[in-house]
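Trainee: I would like to learn how to read the features of a model one by one, beginning with charged pairs. Could we look at it together?

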Amino acid sequence: MSEAVAIAHDGHSHDGHGHDAGHGHDAGHGHHQLTENNFLGLPNIKLAMWAFLGSECMFFGSLIGTYFFYREMSLGGPMPEDIFDVNITSISTFLLLMSSVTMALAVDNARQRNFGKMRAFILATAAQGAAFVGFQIYEFSHFVAHGLKLSTSLFGSTFYTMTGFHGAHVSVGVIWLVMVALLATQGKLNKDKIAINVEVMGLYWHFVDIVWIIIFTFVYLLEFTR
Amino acid sequence: MSHPTHADGGHDLPHSHQKHYLIVAAVLTVVTAVEIGILFLPAVNGTWWVVPFIGVLAVFKFGLVVGEFMHLRPDHGVYKFLFMSPMFLALFSFIALSALAVVTYQPFGGGYAITQRDRKAGFVPPSAGGGFEVAWPEDKLKAAFAEAEKGGFAKGKATFASTCANCHRGDGGGMPALGPNMTDDCFKHGGSLAELYTTIGKGVQGTAMPAWSTSMSPDAIRQAAFFVRSLKGKNVAGGLECVGTKVAD
C-alpha cells in the first residue's frame, strides 16, 4: 500500500547519475527524500531496495538451507519424489521467468516514457505472477490431499515454510504491480518520477524470480536426478 | 559521482535495451529447457555430473537475471556491495548447514528412527523383523501382556524411551504439537491391545506418527503396545489434554 502511494509521490530519472532540473523536483508533494540523490549521487530508494534485497538473500538463504539440512530426514509422510510434479512446476517456473522479461520491458518503457506500453507490460507481469501463485495454490492443495501438511514431517515443515514465504513475496509483488498499473490508468503517477519507481519495483520482482530459480533447481529438479 | 551507464543528459531518453532483454530471455528459456530436458535423458541422468551441471546452470540464470534484468553488472559498486555481501554470507551459511547435515548424519537418527535417507541407502535396522503381521487375537495378546507385565514391561519401556519419547515425552505425558498423551484414558485409534499394536505398526497417515513396522519387528511393536497400555490411567503430571474418546477398560 504505502509503496504504491510512494510511487505516486516520488521519482527520479534512472541510473541515479545526475540529474536534471526538469526531473524530480516538480511534484509539489512535500519533501519526499526517497528518490533524491544522496551524497553518493545515487537515489536513496534504489539503495534501500538493494539493501533490502541483500537482507532477503539471508532470509531465503536460511529457509533453503534449513530445507537442505533436514532433507531426507523425515520419518514418514509423503516424500518429495512421491508428490513433486516436474511438468506443473516447470510451467509455473517458466511463467515466472517470463514475467521477469515483461518486467524488464516495463522498466524500459517507463524510461522511454511510453507509459501506455509500460502499463501493459506491468499488467502482463502481474498476470504471470498471479498465475504462478495460482499454480502454487493448486500444488499445495494437491500435496495436502496426499497427506503432506505443515506438521506432517520435517519435509512438510521446511518445504511449506520456504515455498510459502516465496509465494507470499510473489503475491505482494502482484499487488504492488496492480496498484501501480491502476494509478497509471488514473493518471495519478508523477511522470518524471515513474521511471525510478518502476525500476525499483522491478528489482523486487526480479529478486523474487531469482529465488525461485534456486528453489526450482535445488529443491525440485534435484529430486528427479538419479 | 556515480557511474553513468547511458547518456541521459537533459531530457534525452536513455536508449532502449529491449533487444538485449529479449536475447537474455531467449538464453534463459534455452538454459531452463536444457536443465529440465537433461533429466529425461536416461543416458545422461544418473551420471555424476548432472547435479553439479544443473547447479551451474541455475547459478548462471541467477547471474543473468541479476546482472542484466536487475542491471547490477553495469551499475554502481555500492549496489553490488549492498546486495552481494549478504548474498555470499547467505551462501556460506547454506554451505555450512549442508556440511553440518553431512557431518552429523547418523544412520537411524542415532538409533531411534529410520529416516528417508536410511531407506534410500538400503539400511535395514537390526531389529526389523520384516513385514507387518496382523494383530494376534485378543486372548493371545492378553496372555503375552501378562507375561510382559511380570518383566515390568522392560522391553517396551526401553523402546519407548529410545524411540517414542521424542514425541510422546519420557513419561508418556505427550508433547504439544508432537505426540499425544499416553497416560490418560483417551484414545483416538482405540485402546485395546490389538488396536494399539496396529496403530503403532501402521502409524497414523497424515500425522507425525510414523509406521513403526518399517523399523521394528512385530514383537518389538507388541512390547511397545503393552508398555503404552500399561501407561493408561496413570495421568502423569503436566500431561496433555485428552484427545479422542475415553476407553473404559
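Mentor: Let us begin with a pair of charged residues and their surroundings, keeping in mind that this is a predicted model. Both B:Glu35 and B:Lys61 are buried, and the two form a salt bridge in which the closest N and O atoms are 3.0 Å apart.

Trainee: Where in chain B do B:Glu35 and B:Lys61 lie?

Mentor: B:Glu35 belongs to helix α1 (residues 18-37) of chain B and B:Lys61 to helix α2 of chain B, so that the pair, 26 residues apart, links distant parts of the chain. Another salt bridge in chain B joins B:Glu68 to B:Arg73, with the closest N and O atoms 2.7 Å apart. B:Glu68 counts as buried because its relative accessible area is 12%, and buried means under 20%.

Trainee: How many salt bridges are found over all chains, and how many are there between chain A and chain B?

Mentor: A search of the whole structure finds 12 over all chains, while the count between chain A and chain B is 1. That bridge runs from A:Lys46 to B:Asp75, whose closest N and O atoms are 2.7 Å apart. A:Lys46 sits in helix α2 of chain A, and B:Asp75 in the loop between α2 (50-69) and α3 (77-103) of chain B.

Trainee: Are A:Lys46 and B:Asp75 buried or exposed?

Mentor: A:Lys46 is buried, with a relative accessible area of 0%, and B:Asp75 is buried as well, with a value of 3%. The pair also belongs to a network, in which salt bridges that share partners join A:Lys46, A:Arg111, A:Glu199 and B:Asp75.

Trainee: How should I read the contact between the chains as a whole, and how many residues does each chain give?

Mentor: It helps to take the residues, the area and the elements in turn. The contact takes 69 residues from chain A and 67 residues from chain B, and the area buried between the two chains is about 6000 Å², of which carbon and sulfur atoms give 69%. A:Trp50, A:Glu72 and A:Leu75 supply 13% of the area that chain A buries against chain B, more than any other three residues.

Trainee: Which elements give two or more residues to the side of chain A that touches chain B?

Mentor: There are 7 residue pairs in polar contact between the chains, both residues being at pLDDT 80 or more. On the side of chain A, the elements giving two or more residues are α2 (44-69), α3 (80-83), α4 (86-111) and α7 (194-220), and the largest share, 14 residues, comes from α2(A). By type, the residues of this side divide into 33 nonpolar, 23 polar and 13 charged.

Trainee: And what is a disulfide, and which residues does it join here?

Mentor: A disulfide is a covalent bond between the sulfur atoms of two cysteines. The search finds 1 over all chains, and it joins B:Cys186 to B:Cys242, with an S to S distance of 2.0 Å. The torsion about the S-S bond is about -100°, so this disulfide is left-handed. Because B:Cys186 lies in strand β1 (residues 186-187) of chain B and B:Cys242 in the loop between α8 (218-231) and β2 (245-246), the pair ties together parts that are 56 residues apart in sequence.

Trainee: How buried or exposed are B:Cys186 and B:Cys242?

Mentor: B:Cys186 is buried, with a relative accessible area of 3%, whereas B:Cys242 counts as partly exposed at 40%. B:Cys164, by contrast, is in no disulfide, and the nearest cysteine sulfur, that of B:Cys167, is 8.8 Å away; at 13% relative accessibility, B:Cys164 counts as buried.

Technical notes
Residues numbered from 1 in each chain as written. Chains lettered and ligands numbered in written order. Predicted model: local features only at pLDDT ≥ 70, side-chain atom pairs only at ≥ 80, totals over all residues. Heavy atoms only, no water. Contact = heavy atoms within 4.5 Å. Buried area = accessible area lost by both parts, 1.4 Å probe. Salt bridge = Lys/Arg side-chain N within 4 Å of Asp/Glu carboxyl O. Polar contact = N/O pair within 3.5 Å; in protein donor to acceptor, adjacent residues only side chain to side chain. Helix = DSSP H or I, 4+ residues; strand = E, 2+ residues; numbered from the N terminus. Nonpolar A, V, L, I, M, F, W, Y, C, P; charged D, E, K, R; others polar. Disulfide = S-S within 2.5 Å. Buried < 20%, exposed > 50% of the residue type's maximum accessible area, 1.4 Å probe, protein only.
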